[in-house]
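Q: Please take a close look at one chain of this model. I would like a connected account of how it is built.

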Amino acid sequence: MDAIVTVVGKDQVGIIAGVTQELSHAGINILTISQTILDEYFTMIMKVDLGGMILARQELNARLETAGMRLGVQITLIHEEVLNAMHRI
Amino acid sequence: MVFTQQEIEESIRMFRSQKLDIRTITMGISLRDCASDSGETARRRIYDKICRLAEKLVVSGEAISLEYGIPIINKRISVTPVAMIAEASGEKNYTAFAKTLDAAAKTVGVNFLGGFSALVQKGYTTGDRALIRSIPQALAETDRVCASVNVGSTSAGINMDAVRQMGFVVKALAHRTADTGGLGCAKLVIFANAVEDNPFMAGAFHGVGEPECVINVGLSGPGVIKSALESVRGESFDVVAETIKKTAFKITRMGELVAREASRRLGVPFGIIDLSLAPTPAVGDSVARIFQELGLEYVGAPGSTAALALLNDAVKKGGIMASSHVGGLSGAFIPVTEDEGMVEAVQAGALSLEKLEAMTCVCSVGLDMIALPGDTPAATISGLIADEAAIGVTNHKTTAVRLIPVPGKKVGEWVEFGGLLGGGPIMAVSRFSSLDFINRGGRIPAPVHSFKN
């Protein structure tokens, strides 16, 4: 099952490391990453595979929120099927 | 990347800041096999069947919500109109049936259960009479049961005996629940052309043509529509209609995804998606604010009926394109106390009961959640019901009335119901009598279906 993770916030050292570490600890495999900086704002979009996830979804959400606060970014995970339903006919 | 950044951000914004949600997953359950000549046996069958079929409804809803990251606000149940099931028992008062439904709703953890209902558009059966007579006591003595009565249809006309009686029932129910501002009336809907697959409360029931058990999903998203319209300020109505349609499409597709997943997990067929702009008292979840975004100072200003017609139609078109099984009411709801923007319009003097009635000619429901003075006569309430039923019957659409004559309150005073039901000012109602009109009784014949000029 694939999902899209977005990370948005003011750029600083260690955002990618911090986020990918959380995903790695959760057993989540990253499939693709795209990342840009726009007006000092860091934006990263990742496609990830939740198939091997070893955490409950609630636990993952809580950890991503904590990591987001630590790194000063907003991390959102959205199910790929939701995006497919909304944006693809 | 399969999706553009804009697409991803748009979806995230809808959930995070524009309050897009699945308003309800409603499980429709047929109780037709529960009837018995013993009331006790019937009630035991009803309780057991609801608890068996809906056992996992709440848990599954919460699991889907977490996994897909989509808020699912309510899990609810609708059942076969109880008048049809309780009738065989021969009992005279169906309050015990309502209590059984209430107990089942509490056991499975749903916040409302609809279907304490009777369909009397052409006339009463013995069970219909018993049920309608029981409504004030049944709703006053239960927490989660919702009742509805269908008093008219395009093919049968309007049962004016029922219209007259419902005026008294509304008054009696308000009186019995006077300590909560007549809150019981918020759980009673009087319909014309009631639909059989509506997932929204308080008017949900499981129609007789429905399957054994079914999952219907009600979606809402006035905040999303308003935000979408913010990006086309000043543009023509062609652009407005297109924008609403596209947005409604996206929302409905998301709803269908959830409906199919819920259906799969519960092993119950998927029925319909009902995409309705249903407000809640929360700021940012208002239908009235859409009118303001369209350029009206307040909802109720001249142009409001046209705005609602456009909104309702565009929402339906977007929804129908997105799902093959759109049903229920699917349109825009215009309740008063449940919508902070409507309440503000009433307080500003922009919105009257008469303007609301005009707007119900083009909306998907009717006079909804309107607080009236406590001394409003039963015949006046019946008159309002008759007018609303006439609009529905003549225009081939569903109309509904959910009025609350708040005991002891006068025009302009505030009543607070709390939660999703909100609160609002008591609205003025005509002081001219409808008594002799309502006392006539009988039936208003079905309207002619040709010569439409």
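**A close look at chain A**

A: In this predicted model, the accessible surface of chain A is about 4500 Å², and carbon and sulfur atoms account for 52% of that area. Turning from the surface to the inside, 45% of the 89 residues of chain A count as buried, where buried means a relative accessible area under 20%.

Next come the elements of the fold. Chain A contains four strands and three helices. Read from the N terminus on, their order is β-α-β-β-α-β-α. The chain thus begins with a strand and ends with a helix, as far as these elements go.

The overall dimensions can be described in two ways. Taken along the principal axes, the C-alpha atoms of chain A fill a box of roughly 35 × 30 × 20 Å. The radius of gyration of chain A is 13 Å, and because a compact globule with 89 residues would have a value near 12 Å, the two agree.

Contacts show how parts of the sequence are brought together. Consider the contacts in chain A between residues at least 6 apart in sequence: 70% of them join residues at least 24 apart. A contact here means heavy atoms within 4.5 Å.

Charge is the last topic. Chain A carries 6 positive and 10 negative charges. The mean position of the positive charges and that of the negative charges lie 1 Å apart.

Notes
Residues numbered from 1 in each chain as written. Chains lettered and ligands numbered in written order. Predicted model: local features only at pLDDT ≥ 70, side-chain atom pairs only at ≥ 80, totals over all residues. Heavy atoms only, no water. Helix = DSSP H or I, 4+ residues; strand = E, 2+ residues; numbered from the N terminus. Rg over C-alpha atoms; globule rule 2.2 N^0.38 Å. Buried < 20%, exposed > 50% of the residue type's maximum accessible area, 1.4 Å probe, protein only. Areas by Shrake-Rupley, 256 points an atom, 1.4 Å probe, with all protein chains shown as cover. Lys, Arg positive; Asp, Glu negative; His and termini not counted. Charge placed at Lys NZ, Arg CZ, Asp CG, Glu CD.
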